[in-house]
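User: I am new to this structure. Please walk me through its sheet, a hairpin and its disulfides.

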Amino acid sequence: MRRWWILAAALVLAWASFGTANAQAPVALGGGSGIVFDDGSVCTLTTIGYDGAGQLVGFTAGHCAAAGAGVAAEADQQAGTVGSVSFVNDQLDYALISFDAGRVNPVNHVGSTTITGVGLPAEFPAVACKEGRTTGQTCGLVYGDVFGGATWTLSQICVIVGDSGGPVVVGSTLVAIVNGYIAVPCLGPQVGANFTRILDDVAYRGGPGVGFHPI
């Protein structure tokens with residue numbers, strides 16, 4: 001009888017060890033990380049952090065995916081879906097992502113870019129940089145609010161397909177996101193929505209994302 005209990009205990013311990021060894025560790029995600037949607041499209045995460053309700057959320061470009069789309073980390077797709085798109089604003093071209101806090105390790109440093117806060121739109125002749133999953137960090141002269149309306153900022157930053165959603169920073173301050181380019185990829189001016197404008201829209205809409213602050 002005693003030997004039977006010893007064998008049973010050993011089996012339980014072995015099963016527990018197997019489960020622990022195969023448990024999926026949280027994936028690291030931050031501003032500049034590549035993200036993959038369930039339709040296979042790939043974009044860049046703008047930033048990640050917590051909203052006023054303590055929910056883990058992030059942002060990317062709105063044209064990357066529709067509301068309800070699942071999100072995975074490009075660097076660790078085997079981890080599966082770790083979040084979903086909660087809301088898309090087509091006019092400002094941004095998407096809000098709600099993440100599973102138990103499956104994501106939020107970070108503020110990706111590649112050559114660190115995000116420590118959110119700031120007002122950059123103006124000429126500042127130099128801004130972006131972090132994209134396709135072209136990494138590239139920097140260029142800021143042209144500013146060329147269109148008027150305090151919504152879009154143009155800069156001479158190289159961006160191509162897949163960089164959409166990438167953070168545009170001055171130093172370590174997030175000022176805008178990558179939405180696209182004019183005329184020629186990498187050579188044409190980059191166009192990005194001002195991040196304070198995005199946060200104003202999130203606050204007006206209400207719900208997830210209100211009170212957001214980067215990790």
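Short questions and answers follow.

Analyst: This is a predicted model, where local features need pLDDT of at least 70, side-chain atom pairs count only at pLDDT 80 or more, and totals for chains, interfaces and linings use all residues. Residues are numbered from 1 along each chain as its sequence is written, and side-chain values use heavy atoms, with hydrogens and water left out.

User: Which are the edge strands of the open sheet?

Analyst: Strands are DSSP runs (E, at least two residues), as helices are (H or I, at least four), numbered from the N terminus. Two strands pair if DSSP finds at least two bridges between them. Eight antiparallel strands run in the order β3-β2-β6-β7-β8-β5-β4-β20. Pairing on one side only marks the edge strands, β3 (42–44) and β20 (213–214).

User: What angle does helix α2 make with β8?

Analyst: Helix α2 (residues 195–205) packs on the sheet and touches β4, β5, β7 and β8. Contact means heavy atoms within 4.5 Å. Axes are lines fitted to C-alpha atoms, for helices over the stretch in contact, with angles from 0 to 180 degrees between N-to-C directions. The directions of α2 and β8 make about 65°.

User: Which residue in the turn between β16 and β17 has a positive phi?

Analyst: Strands β16 (residues 167–170) and β17 pair in the antiparallel sense over four bridges. Val-169 stands opposite Leu-174. The hairpin leaves two residues between the strands, and the one with a phi of about 70° is Gly-171.

User: Which residue of β12 is the bridge partner of Leu-174?

Analyst: Strand β12 (residues 117–118) runs parallel to β17, joined by two bridges. In that pairing, the partner of Leu-174 is Val-118.

User: Is the disulfide of Cys-43 and Cys-64 left-handed or right-handed?

Analyst: A disulfide is a pair of cysteine sulfur atoms within 2.5 Å. Cys-43 and Cys-64 fit, at S to S 2.0 Å. Cys-43 lies in strand β3 and Cys-64 in the loop between β5 and β6, 21 residues apart. The torsion about the S-S bond is about -95°, so this disulfide is left-handed.

User: Is Cys-139 buried or partly exposed?

Analyst: Buried means under 20% relative accessible area, exposed over 50%, partly exposed in between (1.4 Å probe, protein chains only). Cys-139 forms a disulfide with Cys-129, the sulfur atoms 1.9 Å apart. Cys-129 is buried at 15%. At 39%, Cys-139 is partly exposed.

User: What is the pairing of the bonded cysteines in sequence order?

Analyst: The count is three disulfides. One of them joins Cys-158 to Cys-186. Numbered in sequence order, the bonded cysteines pair as 1-2, 3-4, 5-6.
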